[in-house]
Amino acid sequence: MQERRADILDRLADGPVPGPALAEQLDITRAAVWKHIEALREEGFEIASGESGYALDSVPEFGGSAIEFGLSAPFTVEYHDLIGSTNKRARELAEAGEKNTVVAADRQTGGRGRLDRQWSSPSGGIWLSVLLRPAVPAVHAPLFTLAAAVATTRAVRACGVDATIKWPNDVQVEGRKLAGILTEMEGEADRISWLVVGIGLNANVDATQLPGDRPATSLRAETGDINRQDLTQHLLETFWELSEGTDSILPAWRELTSTLGQRVRVETQTEEIVGDAVGIEFPGSLIVDTGTEKRTVSAGDCEHLRPAE
Ligand code: BT5
């Protein structure tokens with residue numbers, strides 16, 4: 001969002017402010033204030049102009065300014081009603097030198113999952129990508145995928161939906177996929193240059209529109225439509241906190257996963273491993289006890305078979 005508009009919203013958050021006072025506080029003309037107010041109205045902010053000045057009556061349900069408004073994480077949000085892929089756009093911003101940026105969209109036409117799979121992204125979802133430049137080695141990258149799963153699960157639980165994490169990147173409700181995460185990065189072994197963590201959350205969408213091997217689900221199907229601004233802010237704030245204190249990610253993930261204790265089948269690029277999921281270890285590898293040995297699996301598609309004895 002434009003910095004000036006963020007400033008204006010911050011000032012209106014505490015109560016009405018007359019136009020001339022805003023102009024003076026921001027050191028701009030009254031005409032410029034009016035232009036910014038009009039732009040905010042166009043974004044869906046209801047701003048009344050009465051005797052006591054401009055008054056903020058309501059914040060839009062979704063959008064860049066709505067997500068940034070009152071957000072206690074240092075992200076700039078770029079919002080699109082329609083885009084190919086937020087991950088692709090975030091990668092472009094990474095190449096242009098940006099950081100701590102979120103690209104969010106209402107609908108994507110070219111959403112991607114892992115291994116270039118298609119990700120269905122109808123209007124009403126939360127499709128976003130977070131661009132970070134954490135000062136950590138490249139091997140730490142999987143931690144950020146787990147952090148995104150934790151942040152998404154916590155935000156969804158705050159809406160009363162009993163979600164859990166399936167290793168490595170799915171947020172599910174009773175075995176149905178509610179959200180997926182796609183992490184992309186560039187860097188040298190000793191340091192990540194940029195990291196883009198894409199989160200796709202089926203929010204206010206019909207679950208029947210969604211593909212998948214098993215039926216997918218959405219927040220609309222689980223609990224009814226939710227306020228995407230609140231949920232996105234909660235998600236981004238938790239994600240930021242975890243990315244700043246990476247030691248807390250694995251313990252938080254263990255508390256929210258449904259994979260540990262399950263009998264699983266994991267398909268990696270080269271083989272299929274069946275066994276009991278007995279642990280997760282830095283930076284996000286699943287430990288599978290096959291009965292004859294304990295295998296450490298760093299990436300793959302995981303299927304829950306039945307709980308381990
Ligand atoms: C994922 O891949 O789960 C990662 C999805 C990441 C999407 C976000 S949206 C914002 C950002 N921008 C992007 O372009 N991508 C990210 P994977 O584990 O490979 O799962 C992909 C599979 O999930 C597909 O092959 C389908 O079977 C299924 N699927 C597709 N769309 C779905 C949806 N909306 N809900 C549930 N399942 C879906």
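Helices here are DSSP runs of H or I with at least four residues, and strands are runs of E with at least two, both numbered from the N terminus. With those labels in mind, and remembering that this is a predicted model, select residues 19-26 and 30-42, which are α2 and α3, and look at the loop between them, where Asp27 sits. Asp27 is not a glycine, yet its phi is positive, at about 60°.

Next, colour the chain by domain: the domain assignment gives domain 1 as 3-58, domain 2 as 64-256 and domain 3 as 262-307. The centres of domain 1 and domain 2, taken over C-alpha atoms, are separated by 31 Å, and where these two domains meet, 7 residues of domain 1 are in contact with 4 residues of domain 2.

Now select α6 (141-157) together with α8 (residues 228-244), and turn the view until both axes can be followed; the two helices pack at an angle of about 145°, and their axes are 8 Å apart. The crossing of α6 past α8 is right-handed. To see the side chains involved, show Phe144, Ala147, Ala148, Val150, Ala151, Thr152, Arg154 and Ala155 on α6, which meet Leu231, His234, Leu235, Thr238, Phe239, Leu242 and Ser243 on α8. By class, the residues of this contact divide into 10 nonpolar, 4 polar and 1 charged.

Keep α6 on display and add β8 (176-188), since each of these two elements supplies at least two residues to the lining of the second largest pocket. Where does the second largest pocket lie with respect to domain 2 and domain 3? It lies between them, because both domain 2 (64-256) and domain 3 (262-307) give residues to its lining. The space in this pocket comes to about 540 Å³. Its lining is made up of 23 residues, and those to select for a view of its centre are Arg114, Pro168, Ser298, Ala299 and Gly300, which lie nearest to that point. Taken by class, the lining has 11 nonpolar, 8 polar and 4 charged residues.

From the pocket, stay with Pro168, which is placed in the loop between β6 (164-166) and β7 (170-173). Show the backbone from Trp167 to Pro168, where the peptide bond is cis and omega is near -5°. For the last stop, move to the loop between β11 (272-281) and β12 (285-289), where Pro283 is found; here too the backbone is worth displaying, as a cis peptide bond joins Phe282 and Pro283, with omega at about 0°.

Conventions
Residues numbered from 1 in each chain as written. Predicted model: local features only at pLDDT ≥ 70, side-chain atom pairs only at ≥ 80, totals over all residues. Heavy atoms only, no water. 1 Å grid on protein atoms, 1.4 Å probe; cavity = no way out; pocket = protein on both sides within 12 Å on 5 of 7 lines; lining within 4 Å. Points joined across faces, edges and corners; volume = space filled by probe spheres on them. Nonpolar A, V, L, I, M, F, W, Y, C, P; charged D, E, K, R; others polar. Domains from an automatic or database assignment. Axes fitted to C-alpha atoms, helices over the stretch in contact; angles between N-to-C directions. Left-handed = near helix turned anticlockwise from the far one by under 90°. Contact = heavy atoms within 4.5 Å.
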